[in-house]
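Good morning, everyone, and thank you for making room for me today. Please take a moment with the sequence and the model before I start talking you through a few of its features.

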Amino acid sequence: MPEPLRRDVRLLGAMLGDSLVEYGGRELLDDVERLRRAVIDARRGLVPVDEVAAIVNGWSLERAEQVARAFTVYFHLTNLAEEHHRIRTLRERDTDPAVPVKGSLAAAVQRVREMGEHRLAEVLEGLEFRPVFTAHPTEARRRAVVTAIMRISGLLEAFNDPRLGAAERVELERRLREEVDRLWRTALRRRTQMDPLDEVRTAMAAFDETIFRVLPQVYRTLDAALDVPGEPGPATGARPPRARAYVRFGSWIGGDRDGNPYVTAQVTREAMLIQAEHVLRALENACTRIGRELTVAEDTTPASAELRNALAAARTAQPRRIAEIAQRSPGEPHRQYLLFTAERIAATRLRDADLAYGSPDELLEDLRLVQRSLAAAGAARQAYGELQHLIWQTETFGFHLAELEIRQHSEIHEKALAEVRAGGPYSEMTEEVLETLRVVAWIQRRFGVRACRRYVVSFTRSADDIAAVHELAASLGDRAPVLDVVPLFETGEDLERAPSVLEGMLKIPAVQRRLEETGRRLEVMLGYSDSAKQLGPTSATLRLYDTQEALAAWAARNDVKLTLFHGRGGSLGRGGGPANRAILAQAPGSVAGRFKVTEQGEVIFARYGQQQIAKRHVEQVTNAVMLASTPDVEARARQAADRFRPLADRIGAAAKDAFRSLIETEGFAEWFARISPLEEISELRIGSRPSRRKAAKGLEDLRAIPWVFAWTQTRINLPGWYGLGSGLAAVSQEGLAELKEAYAAWPLFAAMLDNAEMSLAKTDRAIAERYLALGGRPEMTETVLAEYDRTRSLVLAVTGHERLLENRRVLSRAVELRNPYVDALSHLQLRALTALRAGVTDDAERERLQELLLLSVNGVAAGLQNTG
């Protein structure tokens, strides 16, 4: 472990140890240490695993809970320390401006520029990155816990400042101890169910603390990279920007009603109002700050005639306000106008009709007016510095922050349309569908069409599912909203049908009109989670690739600018993994400078919780989008795909057969529920959405998140790799050399194996075997473990690695260091799960066992940094 990271882990661990002693005496810390040493020794083969289980089983349930809490809090602190070390590493790498950091915007610009300035201009012209936040329940931490961790994070950063004096260090250590102790004493799981507006407010924390501030830094970095080496003239900050605002955030939080009865039309309306409140406050604060700092005087920086006229018009309309501002800022016209602009933003938030802006475009015009005046006066650095940041923020977020997207299941629209066509009466369900469309229209009137226009149809089967939404909207008459209806293809069959569905969409008059209005832009969403749950990870990956390839070809034939919306989950079993590698593995022609993706649950705070990490994430994604959109990269990927596709088809077919054979085994659903905390996970209350779309208990209606979450808890991570071993075995006898060539040359195949390798590395065979034994089906245990052994062996053979993650040193180290501590929580969970599956009759004992189980679930999620 690098010394700075080791130092932080030891510091926070020692503080936690002191809190344990203060809370439960030395005996509690001794018990924690005893279990810690036992699991490490078990990993080294020095003690049998049964001895670890005996330690856990010998404690009272109260003591077991305390130990589980201790390990969980330790993981939260370790995760924080690792995050700080990532930031340190990023800073250490970024030392020479002439040598771009790998995966950065500067590196992408340099690479594309080598292909010609015309190619760079082409790529930048159509560049788009659209992250969409969703409330998918995968963040296992309470908001109070996340907030506590953020406070500790800030204190740790301050504590590591080498410039601190001795007294400052002593005080910071005291505050750190206080916060660590508070985290230990804070309840780690929610006692009440979240509602959708809680989820909206939770996401706002990422916006307030990070996203609003980071995006201008990203654009500035791109603008600096676009300075032409050796070209005379001013650099970024002293010239008009060459980089434009290319990131647009979206949100399903408060808009995704597919299977969630708690998301209503009223919730959608409130969600948008909350978003608007946050972004308008942020814009107001930024404009006020920049205005107060812009103390350039009239005699050094005279205002343009345009600005003088605008100030005069403002003085006529608002004489008292302008007089007050002028009294505070005499002889500073630019400052006066920006401070007046800040007051108008506040009025927009407070709905003061006399002063409010009608749209973000009006605000942008005022900001650019000031910018033009400053530039004309020769104050280029004032024009294109912080003021440009505010312009970029306004362009990115508007008055709505993130475009609120609606999602609903196709069956709901089908039933609602039947009632509308019949002339009523309308059921409560149909009334809700129509009211949702009315709310979309209200949002558009209040915040502009851009604020809410995308309507995603889950389980789209045909063009009729798209036409149904348009017809329902048209039934509202002249109060109908403007809609871009987005088909979502989730199952294997639906993915195959996607091109024919789009063909049918072109015949729908409402779609034709929108294509004309938007420059023939169309969006299609691909579901990763449900396809993987149905087909297995290997076959689903190949099916998604085929669909992307087919849709890209369809778009080219029909002169459509297609944006593929990737419904990727956070975990590997739901299409997660490193985003930049995933983008480079997309089918040639399917990116075309545009990338839209869901950011879910724990991924939101993992990627956007810290400013430096958020900036790095956006840069890495942009880097990959730019490179994947160049003809050179597309051509190499196409050649590799053409060469190795027959091999991949054989792998996919065998992998799918193995996966389907397992989940179609008689009694599989009941067996899965016995060996995992599947049903208990819903008691974590980590989201407002039910774990199943319907009340049925079968696998078909089980959402992909609890499916993956439960397998993660069993330490076998089955959704991330199962079937790949059988697929590789089907071709390895005669094709191992070809498999190695495919791994080296084809980004898709490399990403598929690398992701499986990561899942396998987080798997623990010995612990998993104990979970599988709870099912009482030894033949199924044998099947699963045999596939694990096969997959592990063949993945290592193809990659040429001696051990898992051999080429990912940092990740490998993190997994190896965490695994023993996760083992401790798994043993605690196994104690509770074994007793509950045996049928405890005493209510009080059952309640304590469930508490221990849920605490351990929370802890394992923190330790593995994965849920669903």
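How many disulfides does the count come to? If we take a disulfide to be a pair of cysteine sulfur atoms within 2.5 Å, the count comes to zero. I should say early that this is a predicted model, in which local features need pLDDT of at least 70 and side-chain atom pairs count only at pLDDT 80 or more, while totals for chains, interfaces and linings use all residues. Residues are numbered from 1 along each chain as its sequence is written, and side-chain values use heavy atoms, with hydrogens and water left out.

Staying with cysteines, Cys-287 has 0% relative accessibility and therefore counts as buried, and Cys-452, at 1%, counts as buried too. Buried here means under 20% relative accessible area, exposed means over 50%, and partly exposed is in between, using a 1.4 Å probe and protein chains only.

Let me turn to helices, which, like strands, are DSSP runs numbered from the N terminus (H or I and at least four residues for a helix, E and at least two for a strand). In helix 29, residues 704-713, ten of the ten residues are buried, so this helix is largely enclosed by the rest of the structure. Helix 29 is followed by Arg-715, whose phi is positive, near 70 degrees.

Helix 9, residues 196-225, is also largely enclosed, because 21 of its 30 residues are buried. From first C-alpha to last, helix 9 reaches 41 Å, close to the 44 Å expected at 1.5 Å a residue, where the expected span is 1.5 Å times one less than the number of residues. There is nevertheless a kink of about 45 degrees in helix 9, centred on Phe-207; the bend at a residue is the angle between axes fitted to the seven residues ending there and the seven starting there.

That brings me to aromatic pairs, meaning rings of Phe, Tyr and Trp (its six-membered ring) with centres within 6.5 Å, where planes under 30 degrees apart count as stacked, over 60 as edge-to-face and the rest as tilted. The count comes to 28 aromatic pairs. One of them joins Tyr-23 and Trp-184, whose ring centres are 5.3 Å apart and whose planes stand at 85 degrees, so the pair is edge-to-face. Because Tyr-23 lies in helix 1 and Trp-184 in helix 8, this pair ties together parts that are 161 residues apart in sequence. Finally, Phe-207 belongs to a cluster linked by ring pairs, together with Phe-133, Phe-212, Phe-249, Phe-397 and Tyr-608.
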